[in-house]
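Trainee: Could you take me through one part of this model at close range? I would like to start with a pocket and its lining, and then look around it.

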Amino acid sequence: IKRYEGVADPMSSLAQLQNQSTDTSVSIGIGLIFASISLLFWRIRKIRAHQTALLENEIENRKSLNQTLEYERTLITTLIDNLPDAVYAKNDGLNFIISNPATVYMMGAVKKEELLGKNESAFQPDEIASRILSEEKAVLEKGETILNKQEVMMDMMSGSPRWRLTTKVPLRDQENKISGLVGISRDITRQ
């Protein structure tokens, strides 16, 4: 073994060159992987920032829309509640879904909530209730308006008959299908 001391190993230079080449390739590969991962995270952050901005914009739009709807609801409720005429809406089952204080009084109830989900049969004598519901059923089925029809109803507070001038129109949804009706009724007994 002493005889090979000082003699250069031709394979060792080649091995060193291969190691350097491998180290360089590994370094370049790791650098490319790191750069790719960094680019990927940068793109993900950018996409998330964009999505967050879109979501925040959507939230603001919905808040604004909700405020507008609430304002309009308050405006309509204030208007309806302060009319002297009975104003109401019914669903396709002919049950009250909206009523104003004049409607509540006309039915002999105390609060609007007493009318919700009910119809005239809960408040008027049978013959009056069946006549009204029959006419309203025709409005739903035919889509025709009842305009300024004189009808008699019972004032449930006093027990005396009251003459009313009533208009009823079909309520239509976004697809133009009849989903209920809207009515307004004025007491004309004294006229």
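Mentor: Gladly! Ile76, Ile80, Val87, Tyr88, Ala89, Ile98, Leu171 and Val182 form the lining of the second largest pocket. Please keep in mind that we are looking at a predicted model. The space in this pocket comes to about 170 Å³. Sorted by class, its lining has eight nonpolar residues, with no polar and no charged ones. Helix α1 (10-81) and strand β1 (86-91) each give at least two residues to that lining, and β1 has the largest share, with three residues.

Two of the lining residues, Val87 and Tyr88, lead us on to Thr103. Among residues beyond four places in sequence, Thr103 touches Ala86, Val87, Tyr88, Phe96 and Leu115. Thr103 belongs to helix α2, which covers residues 101-107. Is Thr103 buried or exposed? Its relative accessibility is 0%, so Thr103 is buried, the limit for that class being under 20%.

Helix α2 also takes us to the largest pocket, because α2 is one of the elements that supply at least two residues each to its lining, along with β3, β4 and β5. The volume of the largest pocket is about 250 Å³. Its lining has 14 residues, and those nearest the centre are Tyr105, Met106, Arg162, Arg164 and Asp187. What classes make up this lining? Here the count is seven nonpolar, one polar and six charged residues. Set that beside the second largest pocket, whose lining has no charged residues. As for how such spaces are found, rolling a probe the size of a water molecule over the atoms shows where empty space is left.

Two backbone details in this part of the chain are worth a look as well. Strand β3, residues 146-154, contains Asn148. Although Asn148 is not a glycine, its phi is positive, at about 50°. Asn148 has a relative accessible area of 48%, so it is classed as partly exposed, given that exposed begins over 50%. The other detail is Asn176, placed in the loop between β4 (161-172) and β5 (178-187). Asn176 also has a positive phi, near 65°, and is not a glycine either. With a relative accessibility of 52%, Asn176 counts as exposed, because that value is over 50%.

Conventions: Residues are numbered from 1 along each chain as its sequence is written. This is a predicted model: local features need pLDDT of at least 70, side-chain atom pairs count only at pLDDT 80 or more; totals for chains, interfaces and linings use all residues. Side-chain values use heavy atoms; hydrogens and water are left out. Helices (H or I, at least four residues) and strands (E, at least two) are DSSP runs, numbered from the N terminus. Buried means under 20% relative accessible area, exposed over 50%, partly exposed in between (1.4 Å probe, protein chains only). Contact means heavy atoms within 4.5 Å. On a 1 Å grid over the protein atoms alone, a cavity is a set of points where a 1.4 Å probe fits but cannot get out, and a pocket is an open set with protein on both sides within 12 Å along at least five of seven lines; lining residues have an atom within 4 Å of a point. Grid points are joined across faces, edges and corners, and a volume is the space filled by probe spheres set on the points. Ala, Val, Leu, Ile, Met, Phe, Trp, Tyr, Cys and Pro count as nonpolar, Asp, Glu, Lys and Arg as charged, and the others, Gly among them, as polar.
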